[in-house]
There are 4 protein chains.
Amino acid sequence: MREIGVGIVGGGYMGKAHSVAMSSVGAVFNTQLRPRLEMICASTAESAERYRAAFGFKRSTADWRALVDDPDVEAIIIASPQITHRAIAEAAFARGKPVFCEKPLGASLDDSRAMAAAATKSGAANMAGFNYIRTPASQLARTLIARGEIGDVIWFRGEHTEDFYADPDTPASWRTSGSANGTMGDLAPHMVNAALALIGPIAQLNAMIETVHKTRPGGAVTNDDHGQMMCRFAQGVMGQMYFSRISTGRKMGYAYEITGTKGAIRFDQEDQNALWLYRANEPEELQGFRKILTGPAHPDYLPFCQGPGHGTGYQDQIIIEAHDFLRAIETGDPVWPTFEDGVVVNQVIAAAMASAESGTWQDVNAF
Amino acid sequence: MREIGVGIVGGGYMGKAHSVAMSSVGAVFNTQLRPRLEMICASTAESAERYRAAFGFKRSTADWRALVDDPDVEAIIIASPQITHRAIAEAAFARGKPVFCEKPLGASLDDSRAMAAAATKSGAANMAGFNYIRTPASQLARTLIARGEIGDVIWFRGEHTEDFYADPDTPASWRTSGSANGTMGDLAPHMVNAALALIGPIAQLNAMIETVHKTRPGGAVTNDDHGQMMCRFAQGVMGQMYFSRISTGRKMGYAYEITGTKGAIRFDQEDQNALWLYRANEPEELQGFRKILTGPAHPDYLPFCQGPGHGTGYQDQIIIEAHDFLRAIETGDPVWPTFEDGVVVNQVIAAAMASAESGTWQDVNAF
Amino acid sequence: MREIGVGIVGGGYMGKAHSVAMSSVGAVFNTQLRPRLEMICASTAESAERYRAAFGFKRSTADWRALVDDPDVEAIIIASPQITHRAIAEAAFARGKPVFCEKPLGASLDDSRAMAAAATKSGAANMAGFNYIRTPASQLARTLIARGEIGDVIWFRGEHTEDFYADPDTPASWRTSGSANGTMGDLAPHMVNAALALIGPIAQLNAMIETVHKTRPGGAVTNDDHGQMMCRFAQGVMGQMYFSRISTGRKMGYAYEITGTKGAIRFDQEDQNALWLYRANEPEELQGFRKILTGPAHPDYLPFCQGPGHGTGYQDQIIIEAHDFLRAIETGDPVWPTFEDGVVVNQVIAAAMASAESGTWQDVNAF
Amino acid sequence: MREIGVGIVGGGYMGKAHSVAMSSVGAVFNTQLRPRLEMICASTAESAERYRAAFGFKRSTADWRALVDDPDVEAIIIASPQITHRAIAEAAFARGKPVFCEKPLGASLDDSRAMAAAATKSGAANMAGFNYIRTPASQLARTLIARGEIGDVIWFRGEHTEDFYADPDTPASWRTSGSANGTMGDLAPHMVNAALALIGPIAQLNAMIETVHKTRPGGAVTNDDHGQMMCRFAQGVMGQMYFSRISTGRKMGYAYEITGTKGAIRFDQEDQNALWLYRANEPEELQGFRKILTGPAHPDYLPFCQGPGHGTGYQDQIIIEAHDFLRAIETGDPVWPTFEDGVVVNQVIAAAMASAESGTWQDVNAF
């Protein structure tokens, strides 16, 4: 067991989530590396100090370079606005320090590529923060598919739907402008990442995007409310996806269905401790989708000892993520998704934006 | 109360279903018109006689023209192979007799158009048999949307998925060749019809279709196993659909989700007595999708007197359909979907086939 | 194939349901015996004639003895008030005619015993009308338990809950007086019958009953609103049940859970086409309750040919029941539940009433 | 913001859960009191030291008195075997230190009463650890009932069912002897506590308990596998409960249904982020149980900012519990359930054991 000094850039929603995770992960998973909350950085000295006290860090700063340069900061979590990701990551990698970066990776595809290149060059551990894929249920889905439990996959449907902008009277905000803040920039990457993790690379796609509510109290809306696409995966699978921030009634609609020749899988994050599995090789009389409750028998389940059904929640995903990041640092083996994987997500989003504009099929590899 | 002589062409699966429905509908709904099972027609005299005895008709024939011409046959149900629909319908309309025709209407778009023209010319009652839309739950969905209960619709997702060909070892059959027998010809029309009923006409679409299992024991497969599309409805709504006969685990996956600005609706035929409704105008603390069990308070529910929850099944849909057809005959008012509506379904399918071939967006009205 | 003249006593809710069933059952199941709707009896000549016309009988009468005596009435369905059951059944059995009697059998335990004795003496087919147990899902449950699919049963929980009297402002009616019309007389027999069918005889029980709303607009309520009991089955299984007509939100809460040493079963009539099955002998990683959708692979499913998921509804239960009654007549073999089985249900109810009054455990066999 | 030194007695399953909770609670809820993990006590110096390192405490000890006496230990969590609870609690209260004690409170009803008396005498904050009631969903249920949202409660059904001993081949262990370790001692208190929290005190009850598998590999089983009871709450409500460790298929079956005159509530911990609510005062056409996903609008939800549906898990319950304990310490106001409330749970269990033995109704207040 050995301590590792952690620095987090950003004290907002995700900064807090990662701070809590780093406080808990050692005890929860009995990790070899034990995070020490060394330093937090925020936009002003005042806010940084407030976060420091609230989250339990030793030191605070308003200068991310100071954090990156500090010798006691041995691993860095980037949870600041997307525009800042590249510079921080490059500086950290230049010092050989491991970096965990919130999704989506860079503010542009070029930025993401530069970040991945810097990661590769440094050889340091790197990981992109698509936390929803880390639930035990989704990890189980991935495992079952990989070992052929549902046969050859023939269809995929995914969605990431929420309703925080469903009401047209919800005011405009920083979220309603800037492509990174629209649905394609904010929500779609989660499900695209899931598709890549569960099925593999997407070869071609055809997309539509739309701003349904073009004005809101306080101003015009200049990014997308929802989007959908059809696609062909590289291995041949046909699929469709949908992303929305105006999906009335959906609170955390990160959901997918996967059809294989020998079975099928269904998942909905709104009931995140259940994975639905159908196996075709049963007597017809007994066939049906079964609801598997995740527990100690499943990958990445928090090690509670008494059996399944105790349940994991949102914060647990972040703790599992922290555990995976520590493991990447400790072992030197890449843990999915790396920055390279994060770049692929950006490519898919870029292809979708181009397709929606042109109305034509796009090759993802052309981006 | 007055009797009406009914003739049914076809004694197979749907012929039987309609025979049973016509036996029951009078007592169930206490209809003014009371069907008398006058004559049934099948491909041979022997099979026709067997169906007559089994279903309780007075007479049988192997000649559909004899049935259509018979003066005691006052209304005609077409449940024979699709290739025969047009000739039978035209003959019946020529005699001014009401016609109910199983979906999809004609063997080609031209046939369907000719049938609709004949219907219009005759002025006789006419109805196309998309029975799944007739469940009380789907009728309730239609009613709620029409009166604005979920606000303006902004998204639609529909599927018709089954798994009767999911196993690659299921032998080839008449179902695995001929475009009418593939998924786009057999299953897709049901959900396209639902989309038209619930949302309205589709303006443009972009589709993919695929034969996943290209050979089966007994021969090559020459029609489609599954297909998907993105679309824009005429009123502006964005949507996506999926149709499959290889959807492992899905038994009757006639399902849709509809998002509106003030609410949302979800339905799955596998639990056909429930409609899920979300209303946005509730205190945040109490918001959630509610599961409405259909009952006497809902449109077209079978008039059982003791309250909701008794449940309708597949055969009940056909009885409700029979009731609607009798009503159309009795009142002279069209009951949805008429033959004209059936033509629109065919147009959408034709556009989808063209789109899948060309890889480009298609205007439905161009077909 | 041969015709059998059917006479139905009672034209109300259940009389109608049985009339429709007898119209449909021959075609649906392609039965050897084909019912002919010969005569219907109601309390006045006018109402009987109205029912005759509405349901399609040949003749009507206000005198049940005329119906029973009529030579063309070869089988009798009793759907009249409970007080009349005994006399009609005894008269029918005296003439050697098969009798189907709506539940609960007699107006008193003595009446029921006399009816069962008359049935035995006559040797004619006899069957008690607990229709809910006839769904394919409940028949499947029975089959699975009987062949040991869930191992030894160790616990049973059942309920029959509805909410038609949940609102205290619903007026008093004939239902709110008379022990046959309270929850214990009206609803409890259904679930007690299910318990007997699924698990076996009940040895001892301890019950509570209660009239929650003691007055309603229009008068006092003199029978029970709800009741519950703990019991020990003869084979040793422990169980509990609940019955209610004031169970707010429950529309058809005929539901049970059965735990065995190797599996478990759950069912709720509100989703009557699904049976939930858990099998313990699976890898821990894949364990979960599966939702089996009833279809052609299951007992008593209506013979629709295209596969599971088409769904049965309330009226289908009555058709299945009609099929079973015809089979009992045709083969001479008893079909469960016979009148003898119906007596056992009455015994359990009688024991429960006695227990609720005394506050002590009661042996069912003492009644 | 001010630090408070926390000492935890016990490093097993619950000791770990509380350690993690105390590490996280400050940052999660931004509490005024900030726990400092001061000292952990375990049965040997070695194990204590191992827990110290694993969970992040400053010091360790094998002597709980040293922990209780230590001036830097300002609040004490008891997570050691039940037999030790009383002595530790009494010592802590004697020093005026706040105590949180795992359920069930004492090893006997007398012990529990002594502990509650000591708590009262000291005036220090005290709380009993029934963590399942702390989910946001159950807190919402409690709130809704308390403010009359479902009218007057008329029925309650609760269960705590798991299946960790469902397999008769699971070996005997410390869990299979000793009344505290049977189902009535281990699982029942959770649901009894829920019943008290949601409905109120239980006046009378009648229970059955049973050891289904009387021997297991390794020895005889001398405590109960499952138990059930009927009861009457002090306010008049009728109810029933079931508790089991052999409930095949149930992983965390902490579930209840509550019927009121104006609505109903259903909950199952296996989907712990959902509360089902039915409201009777809606148009009949729109009535149904709604699935409320817990979120920021609900009591005690972890303060994640982006909206509902993110989900809480098992560990979050313990964090919420830690938050409540800190609040009790800070404000001096009792937070439910106090030690006094814990005593009532013990009374109910004692009455149930007596009833099961005698086969008669028991007054809870007589215990």
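How many residues lie between β14(D) and β15(D) in their hairpin? Five residues separate the two strands. The legends below describe close-up views of a predicted model.

**Figure 1. Two successive hairpins in chain D share strand β14(D).** Strand β13 (residues 253–260) of chain D runs antiparallel to strand β14 (residues 263–268) of chain D. Five bridges join this pair. The hairpin formed by β13(D) and β14(D) has two residues between its strands. D:Ile258 has D:Ile265 of β14(D) as its bridge partner. On the next pairing, β14(D) meets strand β15 (residues 274–279) of chain D, again antiparallel. Four bridges hold that register. D:Ile265 appears here too, with D:Leu277 of β15(D) as its bridge partner. Five residues connect β14(D) to β15(D) in this hairpin.

**Figure 2. Six strands of chain C form an open sheet with parallel pairing.** The strand order is β3-β2-β1-β4-β5-β6 (chain C). At the edges lie β3 (59–61) and β6 (126–129) of chain C, each pairing on one side only. From one strand to the next, the twist averages 25°.

**Figure 3. Edge strand β3(C) pairs with β2(C).** Strand β2 (residues 33–41) of chain C and β3(C) run parallel. Three bridges join them. Within this pair, C:Met39 stands opposite C:Arg59 of β3(C).

**Figure 4. Helices α4(A) and α5(A) pack against each other in chain A.** Shown are helix α4 (residues 85–94) of chain A and helix α5 (residues 109–122) of chain A. Their axes come within 9 Å and cross at roughly 10°. The two helices are therefore roughly parallel, the crossing angle being under 35 degrees. From α4(A), the contact residues are A:His85, A:Arg86, A:Ala89, A:Glu90 and A:Phe93. From α5(A), they are A:Asp110, A:Asp111, A:Ala114, A:Met115, A:Ala118, A:Ala119 and A:Ser122. By class, the contact holds six nonpolar, two polar and four charged residues.

**Figure 5. Helices α5(B) and α10(B) cross in chain B.** Helix α5 (residues 109–122) of chain B meets helix α10 (residues 339–358) of chain B. The axes come within 9 Å, with a crossing of roughly 165°. That angle is over 145 degrees, so the pair is roughly antiparallel. The crossing is left-handed. On the α5(B) side, contact is made by B:Leu109, B:Ser112, B:Arg113, B:Met115, B:Ala116, B:Ala119 and B:Thr120. On the α10(B) side, the residues are B:Phe339, B:Glu340, B:Val343, B:Asn346, B:Gln347 and B:Ala350. Seven of the contact residues are nonpolar, four polar and two charged.

**Figure 6. Chains A and B are related by a rotation of 180°.** This rotation, with 0.0 Å of shift along its axis, superposes chain A on chain B. The RMSD is 0.0 Å. The two copies are thus related as by a two-fold rotation axis. Of the interface residues of chain A, 100% are also interface residues in chain B. The copies therefore meet through the same surface.

**Figure 7. Chain D superposes on chain C by a rotation of 180°.** The shift along the axis is 0.0 Å. The RMSD is 0.1 Å. Both copies use the same surface, with 100% of the contact residues of chain D recurring in chain C.

Key
Residues are numbered from 1 along each chain as its sequence is written. Chains are lettered from A and ligands numbered from 1 in the order in which they are written. This is a predicted model: local features need pLDDT of at least 70, side-chain atom pairs count only at pLDDT 80 or more; totals for chains, interfaces and linings use all residues. Side-chain values use heavy atoms; hydrogens and water are left out. Axes are lines fitted to C-alpha atoms, for helices over the stretch in contact, and angles run from 0 to 180 degrees between N-to-C directions. Angles under 35 degrees count as roughly parallel, over 145 as roughly antiparallel, 65 to 115 as roughly perpendicular and the rest as oblique. A crossing is left-handed if the near helix is turned anticlockwise from the far one by less than a right angle, and right-handed if clockwise. Contact means heavy atoms within 4.5 Å. Ala, Val, Leu, Ile, Met, Phe, Trp, Tyr, Cys and Pro count as nonpolar, Asp, Glu, Lys and Arg as charged, and the others, Gly among them, as polar. Copies are superposed by least squares on the C-alpha atoms of residues with pLDDT of at least 70 in both. Two strands pair if DSSP finds at least two bridges between them.
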